[in-house]
Amino acid sequence: MNFPTTLNIGDSYTDDCNAAIHVFIRDSNDDPITAVGDHDFTDLDFAPECTITQNGTIGRVVCTVEYVTASPENYLKIQIPSSESRRATVGVATVQVLLKWTGAQKALGTQTVTWQALI
């Protein structure tokens, strides 16, 4: 997963700030994919999620996830507004992205991210 390894507490990771996080969905050969089995990323019931766990707390920092069809490669757009990033504490957190459909899901894996204070 290509989530940033460092985020700043208080920063806004949104389209409004041209800083939304783009996560590209690829297979084990690093090739772009647009489906998992019979489940397509453009299906109406596709509802990807991103959870951030820090100090044993899941969901203290809430982000939104949207699938974007783009050229040259589609991606998941993850947005964390400053009101949410201010809820993080200095230190390491774990990020997990889930590809979800009604009755099915696939984890993209987990990645660590370090939250750092700007001041």
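Is Glu73 buried or exposed in this structure? Glu73 is buried, with a relative accessible area of 14%, where buried means under 20% relative accessible area, exposed means over 50%, and partly exposed lies in between (1.4 Å probe, protein chains only).

The views below show a predicted model, in which local features need pLDDT of at least 70 and side-chain atom pairs count only at pLDDT 80 or more, whereas totals for chains, interfaces and linings use all residues. Residues are numbered from 1 along each chain as its sequence is written, and side-chain values use heavy atoms, with hydrogens and water left out.

**View 1. The salt bridge between Arg26 and Glu73.** The side chains of Arg26 and Glu73 meet at 2.6 Å, N to O, in a salt bridge, defined as a side-chain nitrogen of Lys or Arg within 4 Å of a carboxyl oxygen of Asp or Glu. Arg26 lies in the loop between strand 2 and strand 3 (35-36) and Glu73 in the loop between strand 7 (64-68) and strand 8, so the pair ties together parts that are 47 residues apart in sequence. Strands here, like helices, are DSSP runs numbered from the N terminus (strands E, at least two residues; helices H or I, at least four). Arg26 is partly exposed at a relative accessible area of 34%, whereas its partner Glu73 is buried.

**View 2. Lys77 and Asp15 in a network of salt bridges.** A search of the whole structure finds 6 salt bridges, and one of them joins the side chains of Lys77 and Asp15 at 2.6 Å, N to O. This pair links distant parts of the chain, with Lys77 in strand 8 (residues 75-79) and Asp15 in the loop between strand 1 (6-8) and strand 2 (21-23), 62 residues apart. Lys77 counts as buried at 10% relative accessibility, while Asp15 is partly exposed with a relative accessible area of 36%. The network that holds these two residues also includes Glu66.

**View 3. The salt bridge between Arg87 and Glu84.** The side chains of Arg87 and Glu84 meet at 4.0 Å, N to O. Arg87 counts as partly exposed at 38% relative accessibility, whereas Glu84, at 15%, counts as buried.

**View 4. An open sheet of 3 strands in the order 2-8-7.** The pairing in this sheet is antiparallel, and two strands are taken to pair if DSSP finds at least two bridges between them. Strand 2 and strand 7 stand at the edges with a single partner strand each, so one side of each is left without a neighbour in the sheet. From one strand to the next the twist averages 30°, based on axes that are lines fitted to C-alpha atoms, for helices over the stretch in contact, with angles running from 0 to 180 degrees between N-to-C directions. Strand 2 and strand 8 pair over 3 bridges, and His22 stands opposite Lys77 in strand 8.

**View 5. Strand 9 with its antiparallel partners, strand 5 and strand 10.** Strand 5 (residues 49-54) is joined to strand 9 (residues 91-101) by 5 bridges, whereas strand 9 and strand 10 (residues 104-116) pair over 10 bridges. Thr94 can be followed across both pairings, since Thr53 stands opposite Thr94 in strand 9 and Thr94 in turn stands opposite Thr112 in strand 10. The hairpin of strand 9 and strand 10 has 2 residues between the strands, and in this hairpin Gly103 takes a positive phi near 80°.

**View 6. The surroundings of Asp43, in the loop between strand 4 (39-40) and strand 5.** Asp43 is partly exposed, with a relative accessible area of 27%, and its side chain reaches the backbone nitrogen of Asp40 at 2.9 Å. Leaving aside neighbours within four places in sequence, Asp43 is in contact with Asp38 and Trp101, where contact means heavy atoms within 4.5 Å. The C-alpha atoms of Asp43 and Thr14, by contrast, are separated by 24 Å.

**View 7. Cysteines in a structure with 0 disulfides.** A disulfide is taken as a pair of cysteine sulfur atoms within 2.5 Å. The sulfur of Cys63 is 3.4 Å from the closest cysteine sulfur, in Cys50, which is too far for a bond, and Cys63 is buried with a relative accessible area of 11%. For Cys17 the closest cysteine sulfur, in Cys63, is 16 Å away and likewise too far for a bond, and Cys17 is partly exposed at 44%.

Note on methods:
A polar contact is a pair of N or O atoms within 3.5 Å; within protein, one must be able to donate a hydrogen and the other to accept it, and residues adjacent in sequence count only if both atoms are side-chain atoms.
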